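Hi everyone, thanks for coming. I'd like to walk you through one structure today, so please have a look at the screen while I talk.

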Amino acid sequence: MEVKKDQMWQRDLYCGDVNAEHAQKEIWVTGWCDTRRDHGGLVFIDLRDREGLLQVVFDPSVTPEAKNLRNEFVIAVKGLVGLRPEGMINKKIKTGEVELTAQNLVILSEAQTPPFSVSEPDKVGEGLRQKYRYLELRAPEKMNALKLRHETMQISRNYLSDQGFYEVETPVLYKSTPEGARDFLVPSRVQQGEFYALPQSPQTLKQLLMIAGADKYFQIARCFRDEDLRADRQPEFTQIDIEMSFINEEIMRELTEGLASKLWKKFKGQELGEVPVLSFKEAMNRFGSDKPDLRIKEEIKDFSKTLNKCDFKAFTSVIDAGGCVKGIAIGALPSRSQIDKYTKLVQSRKAKGLAWIKKSSEGFQSPIAKFLGDDLVQKLWDEATEGKLSEGTLFMVSDQWAIACESLGFLRLEVAKAFNLIDVSSDRFLWVNSFPLFEYNSDDQRWYSVHHPFTDPNEEFKDLILSGSQDGLGEITSKAYDFVCNGSETAGGSLRIYQPKVQDGVFKALGLSEEEIKSKFGFFIEALKYGTPPHGGIAWGLDRLVMHLAGLESIREVIAFPKTARAQCPMSLAPSSVALDQLLELGLKIQKPNKD
C-alpha cells in the first residue's frame, strides 16, 4: 500500500526494543539508515535509533523506493516482525533474533554523506567528532552516556526528595565573589558600567536559604569558571548541589553514601561497602595525594627515623633541617631509562631527585648502597615491603614534607599505570577530611582559602581565628571533606561558618579590609546576624560522577556539547565577536592588549 509522505503515521516501538515477543505483529518504526546491503533482489537495511539497531528487509516489488535508500536517510517503515532463521541470528545486538519485513516505506529526510561513519565514530580523531558532535551522538553507545546522565539526575532528585529536600533554583546572574577562579562577567545594559557574574557555585545563596529556614536544599546547578581546562574540567559544568541545617559531618557522610549506594548498585552492580575516612595529613603521608586511588595497594612509608643517623648526607641534611625521607616499594624492576623518566617526574614536582634500591634474584642493586651499608639497605627493604615482596624496587625522595609526599604521590600513579598495579575489578571510595583552612601564596605574599572563605575551622583553632594573628594560619584545619572515587574527587563540601565573628576573622586572615568585606559580602555578613543555624553541604560534580558510572576516561564523553581545551565550542566556534551596535548599547569597547 502506498503511503504518502504527509500521511499520518506513528512509531510503535524503538528499533532497539523490538524482540521475539513481537513476532507476527505489524509495527511502525522510525530512524536512520545505518548500513545497506543488497542480496538476491532484496535490500537489507540496519535501521538505527537511540535504542539500537533493527534489521529491515525490503522487497523492491513491494517498496520500490527502497532502492534509493542511503546511509543516514531518515525513514519510517511499517512491517511484519518475524523471527530470523537459526543460522542468521546475530548475537552481537539485542534485536538479533528478529527482523522486520517492510510493507510500507516513507523517506522523511535524505542525507549527504557524513564526514565519518556514524557506526564507528571512534575511528576518527576527537577534533572531527566534536565538530560534528550531533553525528557522533547518533551512535547508540554514545547516546547511552547521555541516557545514563539523565537517569543519574532522576535518581538523585528522587533520593533527595524522599529525604525531605526542596529543589530550589538560584540566580544565574549574580554578584562576583572571590572563590579561587576567574568569573565569567556579564555586562548590564540597564546599569551601564556594572556587571553580573555567572556563578562559580551557588555558595552564598544556598547558605542564605539555610538562614531563611529551608533546612534541606538541593539543586542540579549550572556553574561557570573561567580557568584553564583539563581532561576532567570544563568552563561550564553541572553540580548536584546540597545544603542542610542542623547537621554534622557524620550526617553528611551518611546522606552521600546513601546516594552513591543507589547509583553504583543500579549502574555497576556494586555494593559501596564500608568507606574509610582519612584526614588530609594521613592521606598525604600514606598516598601522597588528597584524593588517593585506593585501587593501588602500594603505600608511601616514612624512613626518617631509620635514616636520621646514616652516613648519606643527602638524607641526613634534609632530616636535620626538618624535612623527611619517604619512599614507596613496587613489585617490579623498571629499566634504567624508566627510572630516569621517574626522576624527571619527581623533579617536575619540585623534588631534588629520586633515590632507588632494586632487589632481584641477584641481590640488591643501588647507587646509594655504598653510603648506607648492607644492613641498612636490608632494613629499609623490610620496612618498605613488610615482607610481602621478594623482589622489586624501592623509590625514595628526601625533601620538605609536602614536596616529598606530593612527588611520590605522582610517582605512585605513574608506576601503577606502567606496571598494571591498579585493581580495576571494582571502584574504591574514601572520605578525606580535616583539610588545611588556608594556603600561603609566596608570589603575592598572602593567604588564600583552600576551599572557600565560608568553610568552618575546626573548633580547636577558632580562638586563633578570633585573635586576628597571622601566626599559625598554616596549621589551622577545617571542617571540609571530599568523597573520593578511584583517585578523583567526586563530591566535596564542608560545614559552614555560622558565627559572624568567626566569618569576620576568616575574611581578615585573608587580608580583606573592612571596606572590601562590606563591598563583596556585606549582604551576607548582615544575614548571618539574624539567627543562623549550624549548616553544611556538599556538591557532586555531575560530569565526573557520570564518567565514573559509565567507565569512561573523559568528562567530554558525558556532556552533550563539550568545549575544547581552549574553551571553544568546536561546532559554533563560540566565543565569537559581536556587532559594534551591541557593544555600544552596553557601553563597552574592545581594547586590544598591549603586546609590550
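I'll go through a buried aspartate, two covered helices, a pocket and a few backbone details. Please keep in mind that this is a predicted model.

Let's start with Asp-183. You'll find Asp-183 in the loop that runs from strand E6 (166-167) to strand E7 (184-187). What is the nearest side chain of opposite charge to Asp-183? That would be Arg-225, at 7.9 Å, and Asp-183 is buried without a salt bridge. Asp-183 does have polar partners, though. Its side chain makes a polar contact of 2.4 Å with the side chain of Ser-176, and another, of 2.5 Å, with the side chain of Gln-200.

Moving along the chain from that loop, we come to E7, and with it a pocket. The second largest pocket has a volume of about 610 Å³. It is lined by 18 residues, and the closest to its centre are Phe-184, Leu-185, Val-186, Pro-575 and Ser-576. Which element gives the most to this lining? E7 does, with four residues.

Pro-575 deserves a second look. The peptide bond leading into Pro-575 from Ala-574 is cis, with omega near 5°. Pro-575 sits in the loop between helix H16 and helix H17 (580-586).

That brings us to H16 itself, residues 542-550. Eight of the nine residues of H16 are buried, among them Leu-542, Asp-543, Arg-544 and His-548. What do the buried residues pack against? On the helical side there are H3 (140-162) and H5 (249-268), and the strands are E10 (236-245), E20 (480-485), E21 (488-495) and E22 (535-541). After H16 comes Gly-551, with a positive phi near 70°.

Now compare helix H4, residues 203-211. Here, too, eight of nine residues are buried, including Gln-203, Lys-206, Gln-207 and Met-210. The cover over the buried residues of H4 includes strand E9 (216-224), E10, helix H15 (514-528) and E22. H4 is followed by Gly-213, and the phi of that glycine is positive as well, near 95°.

Next, two positive phi values that do not belong to glycines. Phe-246 has a phi of about 55°, and its place is the loop between E10 and H5. Asn-486 also has a positive phi, near 55°, in the loop between E20 and E21. Are these two buried or exposed? Phe-246 counts as exposed because its relative accessibility is 59%, whereas Asn-486, at 13%, counts as buried.

Let me finish with Arg-50, in the loop between strand E2 (42-49) and strand E3 (52-58). Arg-50 has a relative accessible area of 47%, so it is classed as partly exposed. What does Arg-50 touch, once neighbours within four places in sequence are set aside? The list is Tyr-14, Pro-140, Met-143 and Asn-144. With Tyr-14, the side chain of Arg-50 forms a polar contact of 3.4 Å. With the side chain of Glu-51, there is a polar contact of 3.0 Å. And if you want a sense of scale, Arg-50 and Asn-433 lie 42 Å apart from C-alpha to C-alpha, with their positions 383 residues apart in sequence.

That's my tour. Thanks for listening, and I'm happy to rotate the view for anyone who'd like another look.

Notes
Residues are numbered from 1 along each chain as its sequence is written. This is a predicted model: local features need pLDDT of at least 70, side-chain atom pairs count only at pLDDT 80 or more; totals for chains, interfaces and linings use all residues. Side-chain values use heavy atoms; hydrogens and water are left out. Buried means under 20% relative accessible area, exposed over 50%, partly exposed in between (1.4 Å probe, protein chains only). Lys and Arg count as positive and Asp and Glu as negative; His and the chain ends are not counted. A salt bridge is a side-chain nitrogen of Lys or Arg within 4 Å of a carboxyl oxygen of Asp or Glu. A polar contact is a pair of N or O atoms within 3.5 Å; within protein, one must be able to donate a hydrogen and the other to accept it, and residues adjacent in sequence count only if both atoms are side-chain atoms. Contact means heavy atoms within 4.5 Å. On a 1 Å grid over the protein atoms alone, a cavity is a set of points where a 1.4 Å probe fits but cannot get out, and a pocket is an open set with protein on both sides within 12 Å along at least five of seven lines; lining residues have an atom within 4 Å of a point. Grid points are joined across faces, edges and corners, and a volume is the space filled by probe spheres set on the points.
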